[in-house]
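Biologist: Could you walk me through this model before I go back to the bench? I would like to start with how the pieces are arranged.

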Amino acid sequence: MTPNTLQLAFARHQDGDLDAAEALYRTILREQPDHLNGLQLLGLLMHQRGHAAQAVDLLLKAAAVLERRGPRAEHPT
């Protein structure tokens, strides 16, 4: 994953290219399973696609990452 992968994924997401955005988010999460932004944004994308159970699962994983990192958790770039 390059530092720009998240930015590229988010840009695709904003442009409505959900297939490309999903593929990039999944690439990020394969390499960094606890990537907070990747979890949250893929969760949002799954919600947008009507996959509520997958969205909830991803957002719960993001919440667990926040709990492990504590109140000063930062979002990776």
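Modeller: One term first, since the packing angles depend on it: axes are lines fitted to C-alpha atoms, for helices over the stretch in contact, and angles run from 0 to 180 degrees between N-to-C directions. Please also keep in mind that this is a predicted model.

Biologist: Fine. How many helices and strands are there in the protein chain?

Modeller: The protein chain has four helices and zero strands, and along the sequence the pattern reads α-α-α-α.

Biologist: At what angle do α3 and α4 pack?

Modeller: Helix α3, residues 36-48, packs on helix α4, residues 52-69, at an angle of about 160°, and their axes are 8 Å apart. Angles over 145 degrees count as roughly antiparallel, and α3 and α4 are therefore roughly antiparallel to each other. The crossing of α3 with α4 is left-handed.

Biologist: Which residues of α3 and α4 make the contact?

Modeller: From α3 the contact takes L36, L39, Q40, L42, G43, M46 and H47, while α4 brings Q54, A55, L58, L59, K61, A62, V65, L66 and R69. Sorted by class, the contact of α3 with α4 has ten nonpolar, four polar and two charged residues.

Biologist: And α1 with α2, are they roughly parallel or antiparallel to each other?

Modeller: Helix α1 covers residues 5-14 and helix α2 covers residues 18-31, and they pack at an angle of about 155° with their axes 7 Å apart. They are therefore roughly antiparallel to each other, and the crossing of α1 and α2 is left-handed. On the α1 side the residues are T5, L6, L8, A9, F10, R12 and H13, and these meet L18, A20, A21, L24, Y25 and I28 in α2. By class, this contact of α1 with α2 has ten nonpolar, two polar and one charged residues.

Biologist: T5 caught my eye in that list. Is T5 buried or exposed?

Modeller: T5, which lies in helix α1, counts as buried because its relative accessibility is 8%, and buried means under 20%. Leaving aside neighbours within four places in sequence, T5 is in contact with L24 and I28.

Biologist: Switching pairs, how do the axes of α1 and α3 cross?

Modeller: The axes of α1 and α3 come within 11 Å and cross at roughly 15°, which makes α1 roughly parallel to α3. The crossing of α1 with α3 is left-handed. The contact is made by L6, F10 and H13 of α1 together with N37, L41, L44, L45 and Q48 of α3, and its residues divide into five nonpolar, three polar and no charged.

Biologist: Let's turn to the inside. What is in the largest nonpolar core?

Modeller: The largest nonpolar core has 17 residues, and those with the most contacts inside it are Y25, L39, L42, L45, M46 and L58. Each of α1, α2, α3 and α4 supplies at least two residues of this core, although the largest share, six residues, comes from α3. As background, nonpolar side chains in soluble globular proteins tend to be buried together.

Biologist: How much of the protein chain counts as buried?

Modeller: Of the 77 residues of the protein chain, 31% count as buried. On a related point, among contacts in the protein chain with a separation of 6 or more, 49% are between residues 24 or more positions apart.

Biologist: Tell me about L39, then. What is L39 in contact with?

Modeller: L39 lies in helix α3 and counts as buried because its relative accessibility is 3%. Not counting residues up to four places away in sequence, L39 touches L29, P33, D34, L58, K61, A62 and V65. The C-alpha atoms of L39 and R26, which are 13 residues apart along the chain, are separated by 8.9 Å.

Biologist: Last one: where is D57 found, and how does D57 count for exposure?

Modeller: D57 is found in helix α4, and D57 counts as partly exposed because its relative accessibility is 39%. The C-alpha atoms of D57 and L39, 18 residues apart along the chain, are separated by 9.3 Å.

Terms used: Residues are numbered from 1 along each chain as its sequence is written. This is a predicted model: local features need pLDDT of at least 70, side-chain atom pairs count only at pLDDT 80 or more; totals for chains, interfaces and linings use all residues. Side-chain values use heavy atoms; hydrogens and water are left out. Angles under 35 degrees count as roughly parallel, over 145 as roughly antiparallel, 65 to 115 as roughly perpendicular and the rest as oblique. A crossing is left-handed if the near helix is turned anticlockwise from the far one by less than a right angle, and right-handed if clockwise. Contact means heavy atoms within 4.5 Å. Ala, Val, Leu, Ile, Met, Phe, Trp, Tyr, Cys and Pro count as nonpolar, Asp, Glu, Lys and Arg as charged, and the others, Gly among them, as polar. A nonpolar core is a set of buried Ala, Val, Leu, Ile, Met, Phe, Trp, Tyr and Cys residues joined through side-chain atoms within 4.5 Å. Buried means under 20% relative accessible area, exposed over 50%, partly exposed in between (1.4 Å probe, protein chains only).
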